[in-house]
2 protein chains.
Amino acid sequence: MTTRIQRRNRSRILDAALEVFSQQGFRGATLDEIAAVAGLSKPNILYYFDSKDAMHRALLDALLDVWLAPLRALNPQGNPKQEIIGYMRRKLELSRDFPRESRLFANEVLQGAPRLSDEISGDLKALVDESAGIIQGWIDAGLLPQLDPYHLIFSIWALTQHYADFGAQIRLIRDGADPLEGADSYLETVFDRLLSV
Amino acid sequence: MTTRIQRRNRSRILDAALEVFSQQGFRGATLDEIAAVAGLSKPNILYYFDSKDAMHRALLDALLDVWLAPLRALNPQGNPKQEIIGYMRRKLELSRDFPRESRLFANEVLQGAPRLSDEISGDLKALVDESAGIIQGWIDAGLLPQLDPYHLIFSIWALTQHYADFGAQIRLIRDGADPLEGADSYLETVFDRLLSV
DNA sequence: GTCTATAGTCTGATAGAC
DNA sequence: GTCTATCAGACTATAGAC
């Protein structure tokens, strides 16, 4: 039986853990800091999650569903350019709405993806291979210019996630402005020009 | 007086520190691991650098010179498209030749740039403002299409650094192949199409 | 210059009172 | 469920022998 208070505390802890893990990485994060951010004692957060690792694992599992959803929505029957730009838009929305999740993922990959290699070489790779196949089909049908479909996908990741992962840098360069200001229309232009036949 | 052995040990330590800091971030890195990678004892590496912080600082200082050089080479008198593609190429070379430096920088910015905010809002911002001005001049002269020059610079950073920072992910998706395979010609195509008037 | 030993602090996790 | 108290180990850094 899970009470309202338990659910609230669990979600507070996960939110605090996301805050700290996404900024410091797994090893750099401490339970003390997570507990302080959550407003709970250290033994108490360990009552809800067995270990530091379990907290991190819970975050990664929740993250992957959200992270892979946009690519799953690619429709082989749709208009190629609109499908790809739509994918880019959904990824950019993730950077806007879930920047901490983006940084959590970035931290993991920077560290060599020690806790994500199974998911990346399994689910994600399969999904990317399938999507690259769809894009290559469009290219072969003359609906898109000649482009390496894998690099096309990587470049969408790079361009959209950059606004979340390097947001601190952009903010410092643009006098504190929202990093994503003007990003939508810029990236729209980029992919419109890139994908025109 | 600095001996040959001292210079060799200093550079061994810095190399080991780069290896560990770039993977684990500042707080996640430990002197034990740096010492082990360097093949020296922990007190010994602290004989060469006063503290963990001093090691990190030395790496950041060396990094910034290398990191900013390509943008400084932008020539207002040159051919606009070739200048920008040349800048992109030099940045991509940095990802190829100095992937650990790229990840060290990425780690810092992910953490909110606590040890780099002065350099970013000072030197780097000034350099970006100046470069954006040059690019805007080219646009106003009709030599480039209408594009936000700041986002153009950010997109060069995003696309080139992605191959170093997310190399682990790309390697897992592409069956262990060199992440940069095909990147040169792909990015050349991207910017050729983007910057044509 | 390099080592062993260790000081003093922080870390993840547990015990046990309430 | 939540707390205080605390453990064992890891951490940065220093002392002192050689």
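**Exercise 1.** How do the residues of the surface near DNA strand C divide into nonpolar, polar and charged?

*Solution.* The structure is a predicted model, in which local features need pLDDT of at least 70 and side-chain atom pairs count only at pLDDT 80 or more, while totals for chains, interfaces and linings use all residues. Residues are numbered from 1 along each chain as its sequence is written, chains are lettered from A in the order in which they are written, and side-chain values use heavy atoms, with hydrogens and water left out.

Start with the surface itself, where a residue is near the strand if one of its heavy atoms lies within 4 Å of it. These residues divide into eight nonpolar, seven polar and three charged, with Tyr and Cys counted as nonpolar and Gly as polar. Turn next to the helices (DSSP runs of H or I, at least four residues): H3(B) gives the most to this surface, with four residues.

**Exercise 2.** Identify the protein atoms that lie close to phosphate oxygens of DNA strand C, using polar contacts (pairs of N or O atoms within 3.5 Å).

*Solution.* First, a backbone N or O atom of A:Lys52 lies 2.8 Å from a phosphate oxygen. Then, in chain B, a polar side-chain atom of B:Tyr48 lies 2.7 Å from a phosphate oxygen, and a side-chain N or O atom of B:Asn9 is 3.2 Å from one.

**Exercise 3.** Determine how the two protein chains are related.

*Solution.* Superposing by least squares on the C-alpha atoms of residues with pLDDT of at least 70 in both copies, a rotation of 180° with 0.0 Å of shift along its axis brings chain B onto chain A (RMSD 0.0 Å). The two copies are therefore related as by a two-fold rotation axis.

Notes:
A polar contact is a pair of N or O atoms within 3.5 Å; within protein, one must be able to donate a hydrogen and the other to accept it, and residues adjacent in sequence count only if both atoms are side-chain atoms. Helices (H or I, at least four residues) and strands (E, at least two) are DSSP runs, numbered from the N terminus.
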